[in-house]
Amino acid sequence: MTAVEADAGRLKGEADEPGWEVDPDDEWGVAVIATVGRQLKLRREAVGMRAAEFGTAVGYGEDMVYKIEGGKRIPRQDYLVRADEVLGAGGLIAATWEDVKRVRYPKSVRALAELEGKAVELGVYVGLSIHGLLQTPEHARALFEAWQPPYSEEEVEHLVAARMARKSIFGRSPAPALSFVLEEATLRRRVGGTMVWRQQLERLLEVARLLNVTLQVMPLSSGAHPGLDGRIEVLKFLRRESRWPSSSKCWEKHDPQGFCRGRL
């Protein structure tokens, strides 16, 4: 067998599926993944398949099968779809993805995405970097890789995926009104190198053409203003019992200790 053939036949293990650990502090997430894992194990045992045999059938290693069934690892959609086919579950296992996909990301990210998903208006200012909703995957990855102390490769992939998932706000109907104020310096900083920087600028131009988006730039020549030492995010919601909107304001100070990093 050649090296190419051996690699092609290699089953997926933990190294191939980074960033999908279960957060032990996320009680709801732990419960969902434990339930899905238990159902997978019961169905596998019901058809008389050993973990190694099942892993080969779905294209994953035996160790990954045990971790998923034990609620220690979050299964990806392709795993659930393939498991459904192998176990003849008639779509019931594949359908669990609707619950699994909601717990893929940290609680703080899910909470922020939920608020953004309900807002009819969103206005943000960030002074240190381009806002997460506007970032390309490559730009986001370069920012996460620059953090000190450093994230692991798995953590970087997880955080990038979580940030990109929040972009669903741009596809909402009816479309919310989105307003962004960026510091000029964040547009000039070549995060990730020239190519990544150019792609990021092209993304900003693309977003700025949307009818529901306002994108403004705070010039370097401007004086001091209230947002210099932190982030300002204003979300406006519609009350169910009223036609008039209400507002909630979130001000998060810049956190040099990294306590809130990864949220934007």
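Here are some short exercises on this structure, each with a worked solution.

Before you start, note that this is a predicted model, where local features need pLDDT of at least 70, side-chain atom pairs count only at pLDDT 80 or more, and totals for chains, interfaces and linings use all residues. Residues are numbered from 1 along each chain as its sequence is written, and side-chain values use heavy atoms, with hydrogens and water left out.

**Exercise 1. Find which helices supply at least two residues each to the largest nonpolar core.**

Step 1: pin down the term. A nonpolar core is a set of buried Ala, Val, Leu, Ile, Met, Phe, Trp, Tyr and Cys residues joined through side-chain atoms within 4.5 Å. Buried means under 20% relative accessible area, with exposed over 50% and partly exposed in between (1.4 Å probe, protein chains only).

Step 2: look at the members. The largest core has 23 residues, and those with the most contacts inside it include Ile33, Phe54, Tyr79 and Val100.

Step 3: place them on helices, which are DSSP runs (H or I, at least four residues; strands are E, at least two) numbered from the N terminus. Helices H2 (27–46), H3 (51–58), H4 (62–69), H5 (77–87) and H6 (97–100) each supply at least two residues of this core.

**Exercise 2. Work out which residues valine 100 touches, not counting residues up to four places away in sequence.**

Step 1: use the contact cut-off, heavy atoms within 4.5 Å.

Step 2: list the partners. You get Val32, Ile33, Val36, Ile74, Pro75 and Leu80.

**Exercise 3. Work out which residues the ring pairs link into a cluster.**

Step 1: set the rule. Rings of Phe, Tyr and Trp (its six-membered ring) pair if their centres lie within 6.5 Å; planes under 30 degrees apart count as stacked, over 60 as edge-to-face and the rest as tilted.

Step 2: search the whole structure, which turns up three aromatic pairs. One of them is Phe54 with Tyr79, edge-to-face at 6.3 Å centre to centre and 75° between the planes. Phe54 lies in H3 and Tyr79 in H5, so this pair ties together parts 25 residues apart in sequence.

Step 3: check Tyr60 with Tyr79. Their ring centres are 4.9 Å apart with planes at 75°, so this pair is edge-to-face.

Step 4: join them up. The cluster is Phe54, Tyr60 and Tyr79.

**Exercise 4. Decide why glutamate 184 counts as buried or exposed.**

Step 1: locate Glu184, which is in helix H10 (residues 184–188).

Step 2: apply the cut-off. Glu184 counts as buried because its relative accessibility is 18%.
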